[in-house]
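User: I am new to this structure and would like a close look at a single part of it, followed through to whatever is connected with that part. Please take it slowly and explain the reasoning as you go.

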Amino acid sequence: MVRALGFYQGLSASPFVSLSSSTSTSTSTSALSWISSIVDDISEINVEVQDFMDTGDQQLWEDLGTYKGQETGWSQIAMIDFFSEKPKFSSALPKTAGILKSAAGTRIGPRHVALARQKRGMGIPQHCDLFNWMLTLHLPLLGPGAGCGIIVDGERRDWVPGKPSVMDTTFLHETYNESEDDLILLLVDFWHFELTDLECDE
């Protein structure tokens, strides 16, 4: 099921976008190559994120709180929030911020770019977002590797550290964490790969 408030006509839509060159189109493979650049630097990102989790200012986390009467256990530290860059992220995680900017450039940030956390035993109830002109990258960094992830249009996928996934949030989706550990991931909203630079600037 797809619903879109900010609807841009003619864009392809599927719950998950394939990142495999064998199953994706040449357009998507080329347009999403920046994701591989981020994954290549994941060891450096993980070191910085782990150091932040051990010694950084944990007051930077902003909780989503409750949704549909359910405690979500979701929180994040925003690097970009609806086109507005948040300097606290770059101060706390300068290497990660630099890697994201260098790899993705102006394609990222029409909504959120953030370090996110899904607490154990919790999840965000089913919902859908309303903008079909953006897609969302999840790159798990630290966590259990099983029993924690997202369900999009009925398809369940665990978040495996180091394994990126791209989803279309206009499809109904929900998160879950049935494990004993919190999950830390990078969340990167970015312009749909079929949009031109001119269309993104409109």
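Analyst: Phe82 is partly exposed, with a relative accessible area of 46%, a value that falls between the limit of 20% below which a residue counts as buried and the limit of 50% above which a residue counts as exposed. Please keep in mind that this is a predicted model. Along the chain, Phe82 lies in the loop that leads from strand E5, residues 74-81, to strand E6, residues 84-85. The backbone there deserves attention, since the phi of Phe82 is near 50°, a positive value in a residue that is not glycine.

Asp153 can be read alongside it: this residue is not a glycine, and its phi is positive, at about 50°. Asp153 sits in the loop between strand E9 (148-152) and strand E10 (155-158), and with a relative accessible area of 39% it is partly exposed.

The loop of Asp153 leads into a sheet. E9 and E10 run antiparallel and are joined by four bridges, one of which can be named by its residues, for Val152 has Glu155 of E10 as its bridge partner. In general, the strands of a sheet pair through backbone hydrogen bonds, in a parallel or an antiparallel way. Here the sheet is an open one of three strands, in the order E10-E9-E12, and its pairing is antiparallel. E10 and strand E12 (173-177) stand at the edges, and because each has a single partner strand, one side of each is left without a neighbour in the sheet. On average, neighbouring strands of this sheet are turned by 20° against each other, with direction ignored.

Turning from strands to helices, one may look at helix H2, residues 33-40, and helix H5, residues 94-104, whose axes come within 8 Å and cross at roughly 155°. Because angles over 145 degrees count as roughly antiparallel, H2 is described as roughly antiparallel to H5. The crossing in which H2 passes H5 is right-handed. On the side of H2 the contact is made by Trp34, Ser37 and Ile38, while H5 brings Ile99, Leu100, Ala103 and Ala104 to it. Sorted by character, the residues of this contact are six nonpolar and one polar, with no charged residue among them.

To return to the part that opened this account, Phe82 is a partly exposed residue with a positive phi, placed in the loop between E5 and E6.

Methods: Residues are numbered from 1 along each chain as its sequence is written. This is a predicted model: local features need pLDDT of at least 70, side-chain atom pairs count only at pLDDT 80 or more; totals for chains, interfaces and linings use all residues. Side-chain values use heavy atoms; hydrogens and water are left out. Helices (H or I, at least four residues) and strands (E, at least two) are DSSP runs, numbered from the N terminus. Buried means under 20% relative accessible area, exposed over 50%, partly exposed in between (1.4 Å probe, protein chains only). Axes are lines fitted to C-alpha atoms, for helices over the stretch in contact, and angles run from 0 to 180 degrees between N-to-C directions. Angles under 35 degrees count as roughly parallel, over 145 as roughly antiparallel, 65 to 115 as roughly perpendicular and the rest as oblique. A crossing is left-handed if the near helix is turned anticlockwise from the far one by less than a right angle, and right-handed if clockwise. Contact means heavy atoms within 4.5 Å. Ala, Val, Leu, Ile, Met, Phe, Trp, Tyr, Cys and Pro count as nonpolar, Asp, Glu, Lys and Arg as charged, and the others, Gly among them, as polar. Two strands pair if DSSP finds at least two bridges between them.
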